[in-house]
Amino acid sequence: MKKLTIKTLVDHFGLEVISGKDHLDTEIGVYGLNRAGLELTGFFSPIDDKKHKRAVMMSSKENIYMDQFDEATKRLKYGAVIKSGAPVILITKKFVDETLISVAKELDFPLLRTDYPSTSELTQKILDLYDEYFAPTEEVHASLINIFGKGVLITGESGIGKSEISLELIKNNHLFVGDDRIILTNKGSRIYGKSHPILRNLVEVRGIGIIDVSKTNGYKIIMQETTLDMIIELFKFGADGVDASERLGRETTNKKVLGVDVPYLKIPVSSGRNIANIIESAVAQLKINQSDVAEDIISLMNKRISEINEDN
């Protein structure tokens with residue numbers, strides 16, 4: 001797993017290093033940002049593990065609270081927060097108390113400053129970066145296409161035609177995310193998918209080789225990342241002489257991905273079937289099922305049968 005360091009934050013967001021320049025390689029080992037409200041009041045949990053503390057952010061609220069204290073009290077409070085185990089403190093342009101800067105320099109503690117205009121927006125961007133380091137991930141062998149605004153993972157045994165179907169879907173103006181090696185990540189109980197960096201924009205087609213779809217079809221069809229909204233598994237129709245496909249009355253099933261349930265459908269592949277069109281129809285039906293116009297097809301057919309019988 002990659003390590004998130006203070007230097008990662010500095011480089012990614014262009015932060016000013018006020019103090020602690022020799023400690024930028026310190027690892028940030030815990031997800032999240034902590035606003036130091038309770039700590040500035042003097043409360044510290046007795047069971048806290050100093051080696052597993054969040055980075056701290058201070059802005060206007062902390063500045064207003066600390067303004068009521070004299071210099072000596074401020075120094076004690078800031079010193080206690082710094083010694084509590086947090087790897088770094090980040091202050092915004094709304095935090096203007098020079099006492100913290102003085103204490104951090106005396107203790108050679110990593111103190112960073114940002115001029116980002118919105119604290120909440122910056123917090124979200126930092127957490128998005130954290131997701132790349134802390135969020136659970138897995139790699140799967142599949143193709144990933146965004147169809148009608150839904151991320152669809154196309155799986156199936158090697159050679160069944162996933163890449164060729166992906167090209168057909170791209171030709172139908174859907175968005176290509178990745179092929180062959182897909183990285184899935186759980187961010188806040190939602191699954192996101194993207195291509196492995198080595199294979200970004202690339203598709204392997206038997207008989208042709210590896211092609212770059214950003215060059216053959218243009219960058220307009222490329223999507224760097226998408227939510228995972230549906231999994232479609234392709235299987236050979238009538239394998240071993242048995243037709244295991246369902247035709248009527250199918251209930252929606254789910255498949256767990258990194259602990260999250262994702263709608264799952266199996267589609268049989270055989271000569272003469274336009275699988276790309278079938279996948280489009282499956283996604284369209286998923287969108288209907290998730291809307292307020294969804295209707296049970298079996299109930300609808302039974303209703304029509306009853307109406308016909310009554311008319312007769």
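This note goes through two sheets, the helices beside one of them, and one residue, Asn146, in a predicted model.

1. Start with the five-stranded sheet. This sheet is open, and its strands follow the order 1-5-4-3-2 with mixed pairing. Strand 1 (16–19) and strand 2 (33–35) are the edge strands; each has a single partner strand, so one side of each has no neighbour in the sheet. From one strand to the next, the twist averages 30 degrees.

2. Within that sheet, look at strands 3 and 4. Strand 3 (residues 55–58) pairs with strand 4 (residues 89–91) in the parallel sense, and three bridges connect the two. To find the pairing in the structure, go to Met57, which stands opposite Leu90 of strand 4.

3. The other sheet is made of eight strands. It is also open, with mixed pairing, and the order is 12-9-8-6-7-13-15-14. Which strands stand at the edges? They are strand 12 (225–227) and strand 14 (253–257); each has a single partner strand, so one side of each is left without a neighbour in the sheet. Here the twist averages 40 degrees from one strand to the next.

4. Strands 13 and 15 are a parallel pair in this sheet. Strand 13 covers residues 230–236 and strand 15 covers residues 260–269, with six bridges between them. One place to check is Ile232, whose bridge partner in strand 15 is Leu265.

5. Two helices should be viewed together with the eight-stranded sheet. Helix 7 (residues 162–171) lies across strand 6, strand 7 (150–156), strand 8 (175–187) and strand 13, and it runs at about 35 degrees to strand 6. Helix 9 (residues 275–289) packs on the sheet and touches strands 6, 7, 13 and 15. The direction of helix 9 makes about 145 degrees with that of strand 15.

6. Asn146 belongs to strand 6 (residues 137–147). Is Asn146 buried or exposed? Its relative accessibility is 7%, and the cut-off for buried is under 20%, so Asn146 counts as buried.

7. What does Asn146 touch, leaving aside residues up to four places away in sequence? The contacts are Gly151, His174, Leu175, Val177, Met223 and Thr226. With Thr226 there is also a polar contact: the two side chains are joined at 2.9 Å. Thr226 lies within the range of strand 12 (225–227), one of the edge strands in point 3.

Note on methods
Residues numbered from 1 in each chain as written. Predicted model: local features only at pLDDT ≥ 70, side-chain atom pairs only at ≥ 80, totals over all residues. Heavy atoms only, no water. Helix = DSSP H or I, 4+ residues; strand = E, 2+ residues; numbered from the N terminus. Buried < 20%, exposed > 50% of the residue type's maximum accessible area, 1.4 Å probe, protein only. Polar contact = N/O pair within 3.5 Å; in protein donor to acceptor, adjacent residues only side chain to side chain. Contact = heavy atoms within 4.5 Å. Pairing = 2+ DSSP bridges. Axes fitted to C-alpha atoms, helices over the stretch in contact; angles between N-to-C directions.
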